[in-house]
Amino acid sequence: MISLLMASAYALWKGGGPERMMATILLGMLVVDQLAHLLIPVQFASVDTAHLAIDLIAALLTFTLAMTAHRFWPLVAAVLQILPLLAHFTRLANVEMHPIAYLTMQVAASWLLPPLLAAATWRHQTRLRRSGSDQSWQPSSLQSHLPKVFR
């Protein structure tokens, strides 16, 4: 969790629009996850519907980011967000899966997101120093509808 908070703070402070958007997605997941743990007992013997919902929303948001950002790394982030969905669908298909396997499949890919976000923010800063600018969004994306903090 510390690496997530540090990477997100760095992205919010020094990142471009896509980096700030990803930090917001990850922090939102963290907050909703913590609230879910307070309200709903964690279960790995059957499908964890709270985490299925969190992972589904995060995957959709990250996929949207990947399709609109003028960066490569969001595609990697989208894949890492889709992998936990495979855990949930595998759990649905195979109730004999060991709960530890389900837990591992559900969370392991997310450990790669903070270093990816930190590296992406560092690359953004490198491009800014080198050329003075770094285009954040695809020209055809709905950039004008984004809040100013993500532009």
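**Gln34**

I looked up Gln34 first and found it in helix H2, residues 17-39. The model is predicted. I checked its exposure next: Gln34 has a relative accessible area of 38%, so I noted it as partly exposed. I then took a distance from Gln34 to Lys14. The two are 20 residues apart along the chain, and their C-alpha atoms are separated by 26 Å.

**Confidence**

I wanted the confidence before going further. The protein averages a pLDDT of 89. I noted that 90% of the residues score at least 70. Which helix has the lowest confidence, and which the highest? Helix H5, residues 99-107, is lowest at a mean of 85. Helix H1, residues 2-14, is highest at 97. I keep a general caution in mind: where pLDDT is low, predicted coordinates should not be read in detail.

**Leu5**

I stayed with H1 and picked Leu5, which sits in that helix. Is Leu5 buried or exposed? Neither label fits: its relative accessibility is 41%, so Leu5 counts as partly exposed. I listed its contacts, leaving aside neighbours within four places in sequence, and got Leu27 and Leu30. I also looked up Phe63. Leu5 and Phe63 are 58 residues apart in sequence, and their C-alpha atoms are 22 Å apart in space.

**H4 against H6**

Two packed helices are described by the angle between their axes and the distance between the axes. I looked up both for H4 (residues 73-93) and H6 (residues 113-131). The axes come within 11 Å and cross at roughly 170 degrees. That angle is over 145 degrees, so H4 is roughly antiparallel to H6. By class, this contact has eight nonpolar residues, one polar residue and no charged ones. Which residues of H4 take part? I found Trp73, Val76, Ala77, Leu80 and Gln81. On the H6 side they meet Leu113, Leu116, Leu117 and Ala120.

**H6 itself**

I checked the length of H6. The helix has 19 residues and reaches 27 Å from its first C-alpha to its last. That is close to the 27 Å expected at 1.5 Å a residue. I went through its buried residues next. Among them are Leu113, Pro114, Leu116, Leu117 and Ala120. Further along H6, Thr121, His124, Gln125, Thr126 and Arg127 are also buried. What do the buried residues of H6 pack against? They pack against H1, H2 and H4.

**After H6**

I followed the chain past the helix. Just after H6, Gly132 takes a positive phi of about 85 degrees. Trp137 lies in the segment after H6. I looked up its exposure: Trp137 has 4% relative accessibility, so it counts as buried. My last distance was from Trp137 to Gly17. They are 120 residues apart along the chain, yet their C-alpha atoms are separated by 7.8 Å.

Definitions and conventions: Residues are numbered from 1 along each chain as its sequence is written. This is a predicted model: local features need pLDDT of at least 70, side-chain atom pairs count only at pLDDT 80 or more; totals for chains, interfaces and linings use all residues. Side-chain values use heavy atoms; hydrogens and water are left out. Helices (H or I, at least four residues) and strands (E, at least two) are DSSP runs, numbered from the N terminus. Buried means under 20% relative accessible area, exposed over 50%, partly exposed in between (1.4 Å probe, protein chains only). Axes are lines fitted to C-alpha atoms, for helices over the stretch in contact, and angles run from 0 to 180 degrees between N-to-C directions. Angles under 35 degrees count as roughly parallel, over 145 as roughly antiparallel, 65 to 115 as roughly perpendicular and the rest as oblique. Contact means heavy atoms within 4.5 Å. Ala, Val, Leu, Ile, Met, Phe, Trp, Tyr, Cys and Pro count as nonpolar, Asp, Glu, Lys and Arg as charged, and the others, Gly among them, as polar. pLDDT is the predictor's confidence in each residue, from 0 to 100. The expected span of a helix is 1.5 Å times one less than its number of residues.
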